[in-house]
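Me: Hi! I'm new to this one, so could you walk me through it?

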Amino acid sequence: MHITSRQLLDDGVLEREFTLGEIPGILWTPESASASAPVPLILISPPPLGLRATYARLLDRARSAVADGFAAATIELPGSGDRPRLPDAERAVADLRRATGAGEPVSDEIIDALVLPLVDQSVPEWQGALDALLALPEIGGPVGYSGGVISIGVRLAVVEPRISAAVLFAGSFVPRAVFEEARRVTIPLHVLLQWDDEGNDRQAALDLFDAFGSKEKTLHANMGGHTGVPQHAGDAAARFFVRHLR
């Protein structure tokens, strides 16, 4: 991990930008975190729009995590920001737009091409980031995961034993293969669903929730569109992490 910038924000949050090879990321920690007082970690997965484009939203989530005594970190997803594009995914986006523009259903083939390459590449990158972050003396376990592109969260929950709990944001297309992976998820889950999300297949989100194998899983559904998650829903997610990571 190479730290490229460091600044102390006005509320006592230490923000450090870093790179892992060619992958940019941001780490936020309480100023008080140290080797003698390490803090738990929440991985904040961004939407696939680039860290710079979504920085304000990510910072809000990070500030909330730090206020509860956690470190928070994010990395740029494959194909986002200044990272190289994913040709198969870009073709799938074009196919998706053609299908939705014509009022046609989005096929499983389009969803697979859109999502699976992103999951296959990003999950090992998240694991590499976790290796580097947990090597810092001021960060310890346990680890939580929070974010959208719900298929990434599902795969991580299955393959990464260091993740103890997850908050997942419904609202992205889910390949059929991910439904099978969801049956193998056993960690506590808190799933946020925007009931009127214009880009979300609500029934598919409910079916995915049913598929999760976790004994403890909560669905927090709210009226409103994709970006309209109410404050009380965010507060409930924060309380979930405090219960399971502290």
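Reply: Happy to; here is a short tour of helix packing, cores and a few local details.

Me: What should I know before we start?

Reply: This is a predicted model, where local features need pLDDT of at least 70, side-chain atom pairs count only at pLDDT 80 or more, and totals for chains, interfaces and linings use all residues. Residues are numbered from 1 along each chain as its sequence is written, and side-chain values use heavy atoms, leaving out hydrogens and water.

Me: Cool. At what angle do H2 and H3 pack?

Reply: Helix H2 (residues 87-101) and helix H3 (residues 108-134) pack at about 140°, and their axes are 8 Å apart. Helices here are DSSP runs of H or I with at least four residues, strands are E runs of at least two, and both are numbered from the N terminus. Axes are lines fitted to C-alpha atoms over the stretch in contact, with angles from 0 to 180 degrees between N-to-C directions.

Me: Which residues of H3 make that contact?

Reply: Ile110, Ala113 and Leu114 do, meeting H2 residues that include Ala92, Val93 and Leu96. Contact means heavy atoms within 4.5 Å.

Me: Switching topic: how many residues are in the largest nonpolar core?

Reply: There are 59, and Leu41, Tyr145 and Phe212 are among those with the most contacts inside it. Such a core is a set of buried Ala, Val, Leu, Ile, Met, Phe, Trp, Tyr and Cys residues joined through side-chain atoms within 4.5 Å. Buried means under 20% relative accessible area, with a 1.4 Å probe and protein chains only.

Me: And which element gives the largest share of this core?

Reply: That is H3, with 13 residues.

Me: What does Phe212 touch?

Reply: Not counting residues up to four places away in sequence, Phe212 touches Val154, Leu168, Ala182, Val185, Leu189, Val191 and Lys217.

Me: Why is H4 called largely enclosed?

Reply: Nine of the ten residues of helix H4 (residues 150-159) are buried, so the rest of the structure largely encloses H4. Its buried residues pack against H3, E6, strand E7 (163-169), helix H5 (176-182) and helix H6 (202-211).

Me: Where is the cis peptide bond?

Reply: It joins Gly141 and Pro142, with omega about -5°. Pro142 lies in strand E6 (residues 139-147).

Me: Last one: is Asp197 buried or exposed?

Reply: Asp197 counts as buried, because its relative accessibility is 7%. Asp197 sits in the loop between strand E8 (189-194) and H6.

Methods. Buried means under 20% relative accessible area, exposed over 50%, partly exposed in between (1.4 Å probe, protein chains only).
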